[in-house]
Amino acid sequence: MLTVHAGRVRGRDRAILFGSLAAVVAAGWTALVLWGASPWSAYLSHKGIAHGAGPGETFLFVGGWTLMTVAMMLPTTWPLLTTFQAIVGRRRRPGVLVLLLAAGYLVTWSTVGLLLHSGDRLVHEAVDSIGWLGAHTGLIGAGTILVAGIYQFAPLKYSCLDQCRSPLGFVMNHWRGKSERREAFMIGVRHGLFCVGCCWSLMLLMFGVGVGSLAWMFALGTIMSIEKNASWGKSLSRPLGIVLIGAGSTLCLAAVLPLGPV
């Protein structure tokens, strides 16, 4: 009877976690849709923020990036969240610990958004100061696609994927339970770092097309979820890399070669 009761409790907790995660993700998508239809939609794209943007504009962009992370990346952590919930289920407040893990994960990705925004300002400055680059700005987007394709073959990507695809081992390696709240948060931060390691190049594509592009968000989010969690996910990585390298190379050539008769 105790085993049956425990199973029911775990099933109930799992359902609550799923409902909470689904609600948060749905709220993220809804917020992005409403934001994209508002007068402040420019702040969802790096193109809409001047390279001399102040702290307020930077804050808005990072906020939009974080919402995108909630919508795209948080669902991919479902195996980690359920594993961690099962391990801490007998703690006094397991829900708080799961929430702290998710918060740590989002902090990592928000930091990435801030770094990308800072890097984008440097790119704008380079375009302004280098005449040839300013005349061939298409190379920036094309180069982004090419880099994303090349990274699909990088050993680092697969090393990080292995960490993401082994949630039980990952939690057991980092959970001691002595300072439970700090450890829960840091597990989220560390898992976020490995997630960045396997997904940063595809998220860079998302940065290039604009945070508010919902169709691209859905497509790339689905791809990254499959790569991280499906048993056959790794088999998708290299074919996708070939497609991206082909597209990036073609666009690079189109950006530098003259069109029409000379």
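Gly 64 is buried, with a relative accessible area of 0%, and its place in this predicted model is helix α2, which covers residues 55-72. Although Gly 64 and Trp 35 are 29 residues apart along the chain, their C-alpha atoms are separated by 8.6 Å.

**The chain as a whole**

The protein chain has 262 residues, of which 41% count as buried, and it contains 11 helices and 0 strands, so that reading along the sequence gives the pattern α-α-α-α-α-α-α-α-α-α-α. When contacts between residues at least 6 apart in sequence are considered, 78% of them join residues that are at least 24 apart. The chain exposes about 13,600 Å², and carbon and sulfur atoms supply 69% of that area.

The mean pLDDT of the chain is 84, with 88% of the residues reaching 70 or more. Over residues 1-8, however, pLDDT stays under 50, and for this stretch the model has 0 contacts beyond four places in sequence. Where pLDDT is low, the predicted coordinates should not be read in detail.

**Salt bridges**

How many salt bridges does the structure hold? There are 4 of them, and the table lists three, including the pair formed by Lys 157 and Glu 227.

| Side chains | N to O distance |
|---|---|
| Arg 12 and Asp 13 | 3.8 Å |
| Lys 157 and Glu 227 | 3.2 Å |
| Lys 234 and Asp 162 | 2.5 Å |

The bridge between Lys 157 and Glu 227 links distant parts of the chain, since Lys 157 belongs to helix α7 (residues 155-164) and Glu 227 to helix α10 (residues 214-229), 70 residues apart. Lys 157 is buried, with a relative accessible area of 0%, and Glu 227 is likewise buried at 0%.

In the bridge between Lys 234 and Asp 162, Lys 234 lies in helix α11 (residues 234-256) and Asp 162 in helix α7, so this pair ties together parts of the chain that are 72 residues apart in sequence. Here Lys 234 is partly exposed, with a relative accessible area of 30%, and Asp 162 is partly exposed as well, with a value of 38%.

Asp 13, the partner of Arg 12, counts as partly exposed at 23% relative accessibility. Asp 13 is also one of the residues in contact with Gln 85, which, leaving aside its neighbours within four places in sequence, further touches Arg 14, Leu 17 and Val 98. Gln 85 is found in helix α3, residues 78-88, and at 16% relative accessibility it counts as buried, because the cut-off for that term is under 20%.

**Cysteines and disulfides**

The structure holds 0 disulfides. Why do Cys 198 and Cys 199 not form a bond? The sulfur of Cys 198 has its closest cysteine sulfur in Cys 199, at 3.5 Å, which is too far for a bond, because a disulfide requires sulfur atoms within 2.5 Å. Seen from the other side, the closest cysteine sulfur to that of Cys 199 is the one in Cys 198. Cys 198 is buried, with a relative accessible area of 0%, and Cys 199 is also buried, with a value of 0%.

**A nonpolar surface patch**

On the surface, Ile 130, Trp 132, Leu 253, Val 256 and Leu 257 form a nonpolar patch, and together these residues have about 480 Å² of accessible area. Trp 132, one of the members of this patch, is placed in helix α5, which covers residues 131-135.

Technical notes
Residues are numbered from 1 along each chain as its sequence is written. This is a predicted model: local features need pLDDT of at least 70, side-chain atom pairs count only at pLDDT 80 or more; totals for chains, interfaces and linings use all residues. Side-chain values use heavy atoms; hydrogens and water are left out. Patches are made of residues with over 30% relative accessible area and no salt bridge: like charges are joined within 9 Å, nonpolar side chains (Val, Leu, Ile, Met, Phe, Trp, Tyr) within 5 Å. Accessible areas come from the Shrake-Rupley method with a 1.4 Å probe; for residues, only the protein chains shown count as cover. Helices (H or I, at least four residues) and strands (E, at least two) are DSSP runs, numbered from the N terminus. Buried means under 20% relative accessible area, exposed over 50%, partly exposed in between (1.4 Å probe, protein chains only). pLDDT is the predictor's confidence in each residue, from 0 to 100. Contact means heavy atoms within 4.5 Å.
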